[in-house]
Amino acid sequence: MGSKSIAKFKVLGTLECWYEGTRVPLGGPLQQRMVVALLLETGRVLSTSRLVDAVWEDRPPATASHQIRKMAAHLRHRIPGGAELLQTESAGYRLVLATEQLDLSVFEVRLHRAQEAIAGGLHENAIQQLTAALDLWRGPSVVEASPALEPLTVKLTEQRLTAFETLMELRLERGDGADLVAELRQIVAEQPLREHTRGQLMQALYRSGRQVEALDEYTDLRKRLVEELGIEPGLELVRLHAEILNGSPKPTLPPPFSPPSAVAETPLVEPQTAPCSLPHDVPDFTGRQQELAALLELQVSQQPTKIICVEAMGGSGKTVLAVHAARSLAAAYPDGQLFIDLAGFTPGQEPLTPSAALNTFLLTLGVPSEAIPEELLDRIALWRVTTAKRKLLIVLDNVADARQVQQLLPASPESLVFITSRVRLFALDGARVLPLGLFSFEDGRDLLTRVLGKERVAAEPDAVKELVELCGRLPLALRICAGRLVDRPHWSLAHMTQRLRLESRRLRELRGGSRSVAASINLSYLAMEPKLQNAFRKLGLFPGQSFDAVAAAALFDLTPDEAEDLLEGLLEVHLLGSQGDDRYTLHDLVRSHALGLCETEEERAVGDRAMKRLLDHFYLAVTTASNLLYQGKPLLRREDAWQPKRPLKLADPDEALSWLHQEHGTLVAAVRMARVRGLHWHAVVLPYYLGEYLQVYGHHVEDQEIAEEGLAAAAELGDPELMRIATTTLAVTLWNLSRYQEGLAMAERAYTLARELGDQVGEASCLSRIGAFHNQLGNFTDGLRYLEQAQETQRSQGALREMANIAISISSATGYLGQYERSAASAREAIALYRQLGELQGETLGLLNVANAEVGFGRAREALGYLEQAWKLAKARRTRTYSAMVLVRLARVHLLLNRAEEAQRCAAEISGLLAPGITPSLSVSLHSALGLVRYRYGGDLAQVRIGLQEALGLAERMGLRLGQAESLQVLAQIEAALGTKEEARECRRRAEALFDAMGVPVGHVRIA
C-alpha cells in the first residue's frame, strides 16, 4: 500500500493548499488571513482575539469572534482532513501539521541542515540544502501582504537573504564566478543598500574578468549610501574595493553576518526543553557522504515513522555515522533525541532487555520512576502514549536482533529511528536498510589526513595507498593505525605498513588501547551458534576472493543446499559479504581472524581434511571443464579423491568456459595453498588441467606461477611420474611465453623422465612438444623428424587429442618447408580429429594451415574462404590469441587480392591487439602484417619502421628465426619506400639468408 495522502500548504509565495495534485480553494481574503496566521504558528494554540487581530487588524466587526468560528468550520470542510488538522482548544485554535506539509517548515529544516553541514565541513552538501531551500520561494511571501504580520515579514526576509548570501559565499569559495552574476544582480536590485550582497556581486564580477564593473558596483553603492543615509560603506567592503582595485588574486569577504538559520533560532513556536542523550560527535568524521545524505534526506520524507537500519560488519563505523547524522538532524526533532546501547554484541554483558530499555527511555523523557509500571506490556503501553504526540529522534545502537527493538519504536508518525546492528533485521517490518560497505581509498586517505595532518600523509603517497589496503579499508582498522601513528610521531607510514604486511601478525598490530579489530570481529563470532562458528573457521582456509555454495560444501562436507544455509547465516551477521546472486566474499581481516582460530592441533587436523576435500572438488570440477573444452586430454585419476554429495554439473563448453572465467583466480590461489599445505598431487595436477585455459585467454603470469609451483611440489614429493607431468606442463607454459629455448630444454628433460619410467605415451607426448619447439625456432626439418616419431607411437595408442596436435605441428612444418600438399593433408586430418573432439581452437589452427597451403598454391581466393571460417570460430570463443593469428593471415590474403578496405580494417583490429596479454612471438607477426598493410596503403612509415625494429629485436632475443626473417623482409620494403636503399638491401639480404637457412621457399610467408 502507498503512503497516506496529506494536504500541503505553501506560504513562500502566494498562499496555496494542495491535495493529491489538485489545488484546494481556501476562500476569500479573510479566510486566507486566518489560515496564514495559523500556518505561521503551526502547532501552537492561537486565541480567538489573536486571530481577530490577524484577520481584521485594528478594525474588527462586532461579530468578529462569531465569524472566526464560522471560518474555522468552513476551513475544516474545505481542507482534506481538516477536522484532524484544525483543532479546537479551550482558548482558541491550533493547526497541526507535519514538517513536510508546510513549505516554510521544510525551508527552516533545510537551513538548519545546511548549517550543520557547514559546521561539519560538508560544503557541497550545504550548497545542495541551501539551493533546495531557496527554490521553495516562489515570489514575495503572502506574509508580506499582511500588515499585522509585519514582524514576521522582517524575519522571513532576513532569513531568505542570509541564506542566499551563505549560498553565494559557498559557491564563491568553490570557485564559481560568472554564473553567479545574474542571481546576485537580481537580489541587489531588490536590496540595493545591502552591503554584503553587493560585495559578493563585486567578487563574482572580478572573478569573471570584469574588474571595471566590479568597481562600478562599489561606486554605485557608496553614492546611494551617502545620498540616502548619509553614511560611508563599511570597512569590509572598503577593504574588498581596495583589493579589487589593486588586482588582488582572490579578494574575499568574511562570511555572512549571521548563520543560515539565524532567524530559525528564534522560532515561531516557543522552544521546549528537550532531552538529549546522544553521545558526542567525532570531530574528524570522514567519508560516508552518500550514506550520510541518505540519512539526512529522511527529514523531508513523507513516510510516517521512519526507521532505518544501518547494518555492517564490526568496525565499519555504524555508530559513528548514526550519531553524526542524529546530531545533524537534532534541531528538527524538538521533543528529544534519545540514544541507547542495547549491548547486543558487548563482551561479558547480556543484551539489554526491552523492559530495561523502556525504563531508561521513559525516565529520560521525564516520567517519574514511581509512575513507570513493572510489567513489560504496561511499559510498552505507557511508552506509546508518551511518544504518540512527540517528534523524537531515537538511536538504537548495537542491536542483537529484531525482537529486541520491536517494542521500542515510538508511536509518533513524525519520529525518526536509527538502528545499528551487525545482523540483518529481516523481521523489522517497514524498516529501510542502509548497508555500510568498506571505505573507498579516498575516504581512507582522508581519514588518515584528518588525524595525521596533510603534510605527513602527502609525504608518503605510496605508503598511504598500501596502508589503506592492508587495513582492508575498514574504518576501525584505519583509526587504530592512525592513533598508533599519532602516539609514535617518529614512525613513518611506510614502517607501519611494513608491520602490517605479514598476515600472521596483522591483527596483533591492529589494536590500540581498548580498540581491536580482532576483538570486534570476535564479538560477532562468539554470538553465533556452534555450527556457524565451525563453518566460519573453515572458510578462513578458502583461497581466492569469492566462492559459491558448491565450493563451501566441499569445505564443510555437506550438500550445497546445507552449505548455503550456513553461508546465509554468516551473511546475516555480516561476517560474509555477497557478490551477485550466489557468491560470497570474506573480508581479508575477517579471514585472518578465522585462520587465527585454527591454531590448535585438533583444528589444524580438521583444516587439513577440509582443505583436501576442497582441492578434490577443484580437481573434479576443473577436469570436468577441461574435458568439455579440450576433449581427449588424458585423465589423471586419484582413487582416494573425496566424492561430493552433489558434484558440480557443467552442461556444455560454454558453461565450462563461464565457470573457468569465474573461478580461475581461485584455482590459481588453490595451487599455491596446495603446495604450502603439502598436498603435492593437487599442486601438480591442477596446473596440468588449468594451464590450457590460462594460456588461451592470456593469463600468462598466473600460468607460469602455477606451473612452477607444480614442478616444485613434484620435486618435494620425489614422484617421477608427477615430475614428468609437471615438467611437461612447464614446457608448454614456456611455449606460450615465447621462451622457446628454455621450453625445449624442459621438454627434453620431460622426455628423459618418460623414458626412465618406460612410459611410451609420455615419450610420444614429449617428442611432439620437442618437435613443436624446433618448428618455432625455425628448425623445421628437425622438428618434422621428432613429430613423425611421436605420430608413429600415438597412432598405436589412439589418443585423438595428441594425434590432432601432432598433425597440426606436421602441417605447420611442411607448410614452411613448401610441402603444401602434405601440409594441407595433415591440416585436414587435424580438423577432422578436432571436430570429433569438439575443440574449436584446434579446428581454427587447422583451417589456418589449409589457408596457408592454398596461398602457397597461389589460390588466395580459396584461402580467404578457410580464413573466414577460422575467424568465426575464433570469435565464438572470444580469444585474443586465436583472433590475432587469424587476423595476421587475413590481412596478408586481402593484400594478395588487392582488397584495400578489408586489409585496412584488419590493420585497425591488429593495432588494437598490440597490447599486454599477446605473446611476444605473436606480437612479432602482428607487427609484420601491420607493416605490410601500411606499406601498401599508406600510413606513417617511420612509425611502422619503429614498430618493426622493436619486433625484430624481440625475435632476436627469443631466437625466433622465422620472426626475424618476416620482420626483415617487411623492413626492407619500408626502408626502400623511405629512400634508405642501403638499409633496404641489408634487410633483404639478412631475411633471405634466414629463410635459406631454415629451408623456407617463396610461399605463404616468404615474399618473392
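This note comments on backbone angles and on the packing of one helix in a predicted model.

1. Most residues other than glycine have a negative phi. Against that background, two residues deserve a look, the one being Glu20, whose phi is positive and near 50° although the residue is not a glycine, and the other Asn398, likewise not a glycine, with a positive phi of about 60°.

2. As to where these residues sit, Glu20 belongs to the loop that joins strand S2 (16-19) to strand S3 (22-23), whereas Asn398 is part of strand S9, which runs over residues 393-399.

3. Their surroundings can be stated in terms of accessibility. Glu20 has a relative accessibility of 57% and, because the cut-off for exposed is over 50%, Glu20 counts as exposed. Asn398 has a relative accessible area of 16% and is therefore buried, given that the term applies under 20%.

4. Helix H14, residues 354-364, has as its buried residues Pro354, Ser355, Ala357, Leu358, Phe361 and Leu362. When the helix is viewed down its axis, these buried residues fall within an arc of 160°, so they line one face of H14.

5. Which elements do the buried residues of H14 pack against? Their partners are strand S8 (337-341), helix H15 (376-387), strand S9 and helix H16 (402-405). Strand S9 thus appears twice in this note, as a packing partner of the buried residues of H14 and as the strand in which Asn398 is found.

6. After H14 comes Gly366, which has a positive phi near 95°; here the residue is a glycine, unlike Glu20 and Asn398.

Notes. Residues are numbered from 1 along each chain as its sequence is written. This is a predicted model: local features need pLDDT of at least 70, side-chain atom pairs count only at pLDDT 80 or more; totals for chains, interfaces and linings use all residues. Side-chain values use heavy atoms; hydrogens and water are left out. Helices (H or I, at least four residues) and strands (E, at least two) are DSSP runs, numbered from the N terminus. Buried means under 20% relative accessible area, exposed over 50%, partly exposed in between (1.4 Å probe, protein chains only). The arc is that of the directions from the helix axis to the C-beta atoms. Contact means heavy atoms within 4.5 Å.
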